[in-house]
Amino acid sequence: DETEIDGGTASYYGRELAGNRTASGERFDPGQLTAAHRTLPFGSLVRVTNTANGDSVVVRINDRGPFHRGRVIDVSHAAAREIGMHRSGTARVKLALLGDD
């Protein structure tokens, strides 16, 4: 079950943040499919779809952000690679919250 929540510009965390603690207390691992969102509860699963190519990835929210104006989500490097935005650095995306069923 998916609920479309919002869309906008996604960016991704660089590898230089690897090992830093996230807002949820876990360490950031660029190889995991995780993301930062301003308001969604930690542990939420969100489908991030790159509107340019239709590729999508499911990420787990484990941090707060992005704090850059106009950005809706910050994804890990692994997630950015899955949806083809690791070269451009940002992408227009749609977000959908996955249900618990």
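## Salt bridges, rings and a six-stranded barrel

The side chains of Arg-60 and Glu-26 form a salt bridge, 3.1 Å from N to O. Arg-60 belongs to strand β4 and Glu-26 to the loop between β1 and β2, so this pair links parts 34 residues apart in sequence. The model is predicted. Its strands form a closed barrel of six, in the order β1-β5-β2-β4-β3-β6, with mixed pairing. Neighbouring strands of this sheet are turned against each other by 45° on average, direction ignored.

**Salt bridges**

- The whole structure holds two salt bridges.
- In the Arg-60 and Glu-26 bridge, Arg-60 is partly exposed, with a relative accessible area of 28%.
- Its partner Glu-26 is also partly exposed, at 29%.
- Arg-47 and Glu-2 meet through their side chains in a salt bridge of 2.7 Å, N to O.
- Arg-47 sits in strand β3 and Glu-2 in strand β1, so the contact ties together parts that are 45 residues apart in sequence.
- Arg-47 has 26% relative accessibility and counts as partly exposed.
- Glu-2 reaches 41% and counts as partly exposed.

**Barrel pairings with β1**

- Strands β1 and β6 are antiparallel and share nine bridges.
- Within this pairing, Thr-9 of β1 has Arg-92 in β6 as its bridge partner.
- β1 also runs parallel to strand β5 (residues 71-75), joined by four bridges.
- Ala-10 stands opposite Ile-73 in β5.
- Ser-11 lies in strand β1.
- Ser-11 is buried, with a relative accessible area of 6%.
- Beyond its neighbours within four places in sequence, Ser-11 is in contact with Arg-71, Ile-73, Asp-74, Val-75, Met-85, Gly-89 and Thr-90.

**Barrel pairings with β3 and β4**

- β2 and strand β4 (residues 56-63) pair in parallel over three bridges.
- Ala-35 has Ile-61 as its bridge partner in β4.
- β3 and β4 run antiparallel, with five bridges between them.
- Leu-45 has Arg-60 as its bridge partner in β4.
- Arg-60 therefore appears twice: as a bridge partner in β4, and in the salt bridge with Glu-26, which ties β4 to the loop between β1 and β2.
- β3 and β4 form a hairpin with five residues between them.
- Gly-54, in the turn of this hairpin, has a positive phi of about 80°.
- On another pairing, strand β3 (residues 45-50) runs antiparallel to strand β6 (residues 90-98), joined by five bridges.
- Val-48 has Leu-95 as its bridge partner in β6.

**The aromatic pair**

- A search of the whole structure gives one aromatic pair.
- Tyr-13 and Phe-28 make up this pair, with centres 4.5 Å apart and planes at 35°.
- The geometry counts as tilted, because planes under 30 degrees apart would count as stacked and over 60 as edge-to-face.
- Both residues lie in the loop between β1 (2-12) and β2 (34-36), so the pair ties together parts 15 residues apart in sequence.
- Tyr-13 has 10% relative accessibility and counts as buried.
- Phe-28 has 5% and counts as buried.
- Both calls follow because buried means under 20% relative accessible area.

**Around Phe-42**

- Phe-42 lies in the loop between β2 and β3.
- Arg-64 lies over the face of Phe-42, at 4.3 Å from the ring centre.
- Phe-42 is partly exposed, with 38% relative accessibility.
- The C-alpha atoms of Phe-42 and Ile-61 are separated by 5.1 Å, though these residues are 19 apart along the chain.
- Not counting residues up to four places away in sequence, Phe-42 touches Ala-23, Ser-24, Ile-61, Asn-62, Asp-63 and Arg-64.
- Ile-61 thus recurs: this residue touches Phe-42 and is the bridge partner of Ala-35 in β4.

Technical notes
Residues are numbered from 1 along each chain as its sequence is written. This is a predicted model: local features need pLDDT of at least 70, side-chain atom pairs count only at pLDDT 80 or more; totals for chains, interfaces and linings use all residues. Side-chain values use heavy atoms; hydrogens and water are left out. Two strands pair if DSSP finds at least two bridges between them. Helices (H or I, at least four residues) and strands (E, at least two) are DSSP runs, numbered from the N terminus. Axes are lines fitted to C-alpha atoms, for helices over the stretch in contact, and angles run from 0 to 180 degrees between N-to-C directions. Rings of Phe, Tyr and Trp (its six-membered ring) pair if their centres lie within 6.5 Å; planes under 30 degrees apart count as stacked, over 60 as edge-to-face and the rest as tilted. Buried means under 20% relative accessible area, exposed over 50%, partly exposed in between (1.4 Å probe, protein chains only). A charge sits over a ring if NZ of Lys or CZ of Arg is within 6 Å of the ring centre and within 35 degrees of the ring normal. A salt bridge is a side-chain nitrogen of Lys or Arg within 4 Å of a carboxyl oxygen of Asp or Glu. Contact means heavy atoms within 4.5 Å.
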